[in-house]
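Trainee: I should like to go through this model term by term, setting each value against its definition. May we begin with the ligand?

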Amino acid sequence: MKDIFDLEVLQMIDWKAFGYPERNGTDSTFWLGTAGAHTPCHYDTYGFNLVAQLAGRKRWILYPPEDTCFLQPTRIPYEESSVYSRINFEKWAEAVPDIEWTHPHVVELVPGDVLFVPRHWWHHVRNEELSVSINTWIELANEDHEAQLQESLVKFIVAHTSRNLPTDVLYELLNPNEEDMADADLDEIQNLVRCTLKATSAANRKNTPEDISELPLLSEPWILPVACSQLPRLDPEVKKARFDEDHAEVDALDVIRAFSHPRVIKIVSQILQGE
Ligand SMILES: O=C(O)CCC(=O)C(=O)O
């Protein structure tokens, strides 16, 4: 918001009711979209999220972090701090995807609602009609160190590999807002890895995880939990056919996808920390 609105508007945004009086439009993002516009299923690697619906209706499908292995995480297209699902939710159009073993929590936001998205919860978001919302991502200083190290490692792999890729492959590798990764300064990224590694090791030595159950907003009586939806299970034959269809060939992107997979990056970060 800070890039498009002036101070007077930025100061009208106020997250005080949720225990964050110091936050305003400067720390917020503005989302405007027509009916049907959607954000692919992903989770944010840092902190947690508060989303205020200002106009129109928006459907959120949320999945807890325990569902991660069923949602096929990938870093392609690469975008800093977003882990996408390989599952194409648009295949199901308006329906809630029928993905075996998952626990979808579906909620339709209407003006006046504020959604709390806990750390590492997956979300797919679709506008039911012309919609305006504002959100703020709130860092968790202690918890985010590890995520910053892992982000720097993914950036390292993507920046190095993208140097030698033809434009059409690069187009698939990078999210449009990360197009300059192919020309990124490699020394700077190396330094980022060094700094985040140092900070993570120092944070781990202190070992003081934040207790997010103590967040001010979670104790308010007007909180309504979003219940888990029951879904039919996928036919195993259909599931196998879809897997075969998705994994028919291996190309350069598949190799980069494997090297930047969150499970691999986690192991690399542990090895770098001497574990
Ligand atoms: O509203 C949207 O389309 C996406 C919002 C989102 O992904 C987020 O707030 O983390």
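Mentor: An oxygen atom of the ligand is 2.5 Å from an N or O atom in the side chain of threonine 39. The model is a predicted one, in which local features need pLDDT of at least 70 and side-chain atom pairs count only at pLDDT 80 or more, while totals for chains, interfaces and linings use all residues. Residues are numbered from 1 along each chain as its sequence is written, and side-chain values use heavy atoms, with hydrogens and water left out.

Trainee: What makes the pair of the ligand and threonine 39 a polar contact?

Mentor: A polar contact is a pair of N or O atoms within 3.5 Å; within protein, one atom must be able to donate a hydrogen and the other to accept it, and residues adjacent in sequence count only if both atoms are side-chain atoms. The pair at threonine 39 is at 2.5 Å, and therefore satisfies the distance limit. Ligand oxygen atoms also lie 2.9 Å from a side-chain N or O atom of asparagine 49 and 3.1 Å from one of histidine 123. Taken alone the ligand exposes 300 Å², of which the protein buries 95%; such areas come from the Shrake-Rupley method with a 1.4 Å probe, and for residues only the protein chains shown count as cover.

Trainee: Which residues surround the ligand?

Mentor: Among them are Trp31, His42, Asp44, Lys58, Trp60 and Trp137. A residue is near a molecule or strand if one of its heavy atoms lies within 4 Å of it.

Trainee: Why is arginine 75 called buried?

Mentor: Buried means under 20% relative accessible area, exposed over 50%, and partly exposed in between (1.4 Å probe, protein chains only). Arginine 75 has 3% relative accessibility, so it counts as buried. Arginine 75 lies in the loop between β5 (73–74) and β6 (82–85); helices (H or I, at least four residues) and strands (E, at least two) are DSSP runs, numbered from the N terminus. A polar side-chain atom of arginine 75 is 3.3 Å from the backbone oxygen of serine 82. Leaving aside neighbours within four places in sequence, arginine 75 is in contact (heavy atoms within 4.5 Å) with residues including Thr45, Glu80, Glu151 and Ser260.

Trainee: What makes the backbone of the loop between β5 and β6 worth a remark?

Mentor: Most residues other than glycine have a negative phi, and most peptide bonds are trans. Isoleucine 76 and proline 77 are joined by a cis peptide bond, with omega about 0 degrees, and proline 77 is in that loop. Serine 81, also in the loop between β5 and β6, has a positive phi of about 70 degrees although it is not a glycine. At 17% relative accessibility serine 81 is buried. Glutamine 72, in the loop between β4 (58–63) and β5, has a positive phi of about 50 degrees, and its relative accessible area of 28% makes it partly exposed.

Trainee: How do you know that the length of helix α4 agrees with its number of residues?

Mentor: The expected span of a helix is 1.5 Å times one less than its number of residues. For the 21 residues of α4 (residues 186–206) this gives 30 Å, and the end C-alpha atoms are 31 Å apart, which agrees. The buried residues of α4 are Ile189, Val193, Thr196, Leu197, Thr200 and Ala203.

Trainee: Why are those buried residues said to be on the same side of α4?

Mentor: They cover an arc of only 135 degrees around the axis, which puts them on the same side of α4; the arc is that of the directions from the helix axis to the C-beta atoms. The face turned away from the buried side carries the exposed residues Asp187, Glu188, Lys198, Arg205 and Lys206. Cover for the buried residues of α4 includes α2 (144–162) and α7 (262–272). Aspartate 185 caps the N-terminal end of α4, with a side-chain oxygen 3.0 Å from the backbone nitrogen of aspartate 187.

Trainee: What makes the buried residues of helix α6 line one face?

Mentor: Leu253, Ile256 and Arg257 are the buried residues of α6 (residues 252–259). Seen down the axis, they fall within an arc of 105 degrees, so they line one face of the helix. Their cover includes β5, α2 and α3 (167–173).

Trainee: Which residue caps the N-terminal end of α6?

Mentor: Aspartate 251 does, with a side-chain oxygen 3.1 Å from the backbone nitrogen of leucine 253. Aspartate 251 is partly exposed, since its relative accessible area is 41%.
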